[in-house]
Amino acid sequence: MPSARRIATAALGLLALASTRVRAQHQSPAHTGGWIIGGSGSLGRSHTDAIDADITHIGVRPTGLVFLTSRFALGASLPLSYSHLSNPSGHSYSYGLGPAARYYFAADTSHWLWFVGAAVEPQWQKDSRQTIVVVSPGGVASTATFDTSNRLLTIDGSLGLTRLLAEHVGLTGELYYTH
């Protein structure tokens with residue numbers, strides 16, 4: 001007959017094993033009340049031969065979403081960009097704010113979180129260009145600045161995958177279509 005000490009040791013061992021197994025199954029951040037805070041950024045420089053100009057562009061798009069249910073997150077994104085044109089001299093910037101949503105397909109304990117997403121982003125764009133204006137064929141040249149404003153509506157659809165690297169940190173890749 002086993003002694004009380006052996007029974008207690010075995011019970012504590014089973015309890016320790018069970019708690020280790022429970023800790024190994026992590027809780028996904030995709031649960032009601034959880035947050036997704038992320039974004040993207042871009043920096044680029046290109047040359048346009050048609051007008052012999054260099055264009056420098058910088059853009060950021062922070063995003064914040066909160067899970068309303070265990071798989072559906074709703075929030076907003078804030079696209080911001082700035083471009084500089086070397087010839088003719090000028091610049092443009094745009095900003096916007098719009099709703100974004102994601103639906104996740106993965107189970108709560110998965111490290112791989114597949115999702116589909118959508119965003120609608122009204123954006124406002126301002127352009128300022130300096131152009132050389134020639135008054136007459138032999139006349140005086142002067143510089144004029146032209147300012148324009150545009151309102152854009154961007155609609156995004158995406159298919160993505162987030163790999164959880166830690167309990168609350170993930171790396172996301174997306175295929176998206178923007179119209």
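These legends describe close-up views of a predicted model.

**View 1. The whole protein has 1 helix and 9 strands.**
The helix comes at the N-terminal end, and the order of elements is α-β-β-β-β-β-β-β-β-β. The protein has 179 residues, and 22% of them are buried. Among contacts with a separation of 6 or more, 52% join residues 24 or more positions apart. The exposed area is about 12100 Å². Carbon and sulfur atoms supply 64% of that area.

**View 2. Arg 61, Glu 121 and Asp 156 are linked in a network of salt bridges.**
The whole structure holds 4 salt bridges. In one of them, the side chain of Glu 121 meets that of Arg 61, at 2.6 Å from N to O. Glu 121 belongs to strand 7 and Arg 61 to strand 2, so this pair ties together parts 60 residues apart in sequence. Arg 61 also forms a salt bridge with Asp 156. Here the closest N and O atoms are 3.4 Å apart. Asp 156 sits in strand 8 (residues 141–166) and Arg 61 in strand 2, so the pair ties together parts 95 residues apart in sequence. Are the members of the network buried or partly exposed? Glu 121 is buried, with a relative accessible area of 1%. Asp 156 is buried as well, at 15% relative accessibility. Arg 61 is partly exposed, at 26%.

**View 3. Glu 174 and Arg 102 form a salt bridge.**
The closest N and O atoms of this pair are 3.7 Å apart. Glu 174 is in strand 9 (residues 169–178) and Arg 102 is in strand 6 (residues 98–104), so the salt bridge ties together parts 72 residues apart in sequence. Arg 102 is buried, with a relative accessible area of 14%. Glu 174 counts as partly exposed, at 37% relative accessibility.

**View 4. Asp 127 is buried yet has no salt bridge.**
Asp 127 lies in strand 7 (residues 112–134). Which side chain of opposite charge is nearest to Asp 127? It is Arg 129, at 4.2 Å. A salt bridge needs the nitrogen and oxygen within 4 Å, so a distance of 4.2 Å does not qualify. The side chain of Asp 127 does make a polar contact with the side chain of Ser 92, at 3.5 Å. Beyond its neighbours within four places in sequence, Asp 127 is in contact with His 91, Ser 92, Phe 146, Asp 147, Thr 148 and Asn 150.

**View 5. Ten residues form a nonpolar patch on the surface.**
The members are Leu 43, Ile 58, Val 60, Leu 78, Leu 80, Tyr 82, Tyr 93, Tyr 95, Leu 97 and Trp 124. Together they have about 920 Å² of accessible area. Which strands each supply at least two residues of the patch? They are strand 2 (53–67), strand 4 (80–85) and strand 5 (90–96). Tyr 95 is found in strand 5. Tyr 95 counts as partly exposed, at 36% relative accessibility.

**View 6. Leu 78, one of the patch residues, lies in a loop.**
The loop runs between strand 3 (72–77) and strand 4. Leu 78 is partly exposed, at 33% relative accessibility. Leu 78 and Leu 97 are 19 residues apart along the chain, yet their C-alpha atoms are separated by 4.7 Å. Leaving aside neighbours within four places in sequence, Leu 78 is in contact with Val 60, Arg 61, Pro 62, Gly 96 and Leu 97. Among these contacts, Val 60 and Leu 97 also belong to the nonpolar patch. Another, Arg 61, is part of the salt-bridge network.

Terms used. Residues are numbered from 1 along each chain as its sequence is written. This is a predicted model: local features need pLDDT of at least 70, side-chain atom pairs count only at pLDDT 80 or more; totals for chains, interfaces and linings use all residues. Side-chain values use heavy atoms; hydrogens and water are left out. Helices (H or I, at least four residues) and strands (E, at least two) are DSSP runs, numbered from the N terminus. Buried means under 20% relative accessible area, exposed over 50%, partly exposed in between (1.4 Å probe, protein chains only). Lys and Arg count as positive and Asp and Glu as negative; His and the chain ends are not counted. A polar contact is a pair of N or O atoms within 3.5 Å; within protein, one must be able to donate a hydrogen and the other to accept it, and residues adjacent in sequence count only if both atoms are side-chain atoms. Contact means heavy atoms within 4.5 Å. Patches are made of residues with over 30% relative accessible area and no salt bridge: like charges are joined within 9 Å, nonpolar side chains (Val, Leu, Ile, Met, Phe, Trp, Tyr) within 5 Å. Accessible areas come from the Shrake-Rupley method with a 1.4 Å probe; for residues, only the protein chains shown count as cover.
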